[in-house]
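Dear colleague,

I am handing over the structure we spoke about, and below it I have set out what was found. Please read the notes with the model open beside them.

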Amino acid sequence: MDDLAQALNLGPRTAARLREVGIETFDQLAEVGAIDAWHRLRFRFGPAVTRTALYALAGALGGYPWQHLPDALKADLDAVARKGRDAS
């Protein structure tokens, strides 16, 4: 899929932001992974990129709505988000 904005959980704003940090396609997002993509977005856009954005990226890659992340994955992402917040 070339159009990031068409991916589950991702809209035009997130797609534009991903492109600004060098992630142009869904395949590139899959290569980078949700966590690295989120870190890139946080570095570029700061706290405007929330934990929910991390959930959305992971859900897009996993093929499910961000609200339905598996509990174990959500716990791992929460730990990443806490570290990211503390580093800001």
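A search of the whole structure, which is a predicted model, finds 1 aromatic pair (ring centres of Phe, Tyr or Trp, the last by its six-membered ring, within 6.5 Å). Tyr-55 and Trp-66 form this pair, 6.3 Å centre to centre and with 25° between the planes, which counts as stacked (under 30 degrees). The pair links distant parts of the chain, 11 residues apart, with Tyr-55 in helix α4 and Trp-66 in the loop between α4 and α5 (helices being DSSP runs of H or I, at least four residues, numbered from the N terminus). Tyr-55 is buried at 7% relative accessible area, whereas Trp-66, at 30%, is partly exposed (buried is under 20%, exposed over 50%, partly exposed in between, with a 1.4 Å probe and protein chains only).

The largest nonpolar core (buried Ala, Val, Leu, Ile, Met, Phe, Trp, Tyr and Cys joined through side-chain atoms within 4.5 Å) has 24 residues, and Leu-41 and Leu-57 are among those with the most contacts inside it. The elements giving two or more residues to this core are α1, α2, α3, α4 and α5. Leaving aside residues up to four places away in sequence, Leu-41 touches Arg-17, Leu-18, Val-21, Gly-46, Val-49 and Leu-57 (contact means heavy atoms within 4.5 Å).

On conventions, residues are numbered from 1 along each chain as its sequence is written, and side-chain values use heavy atoms, without hydrogens or water. Local features need pLDDT of at least 70 and side-chain atom pairs count only at pLDDT 80 or more, while totals for chains, interfaces and linings use all residues.

With best regards

Definitions and conventions
Rings of Phe, Tyr and Trp (its six-membered ring) pair if their centres lie within 6.5 Å; planes under 30 degrees apart count as stacked, over 60 as edge-to-face and the rest as tilted.
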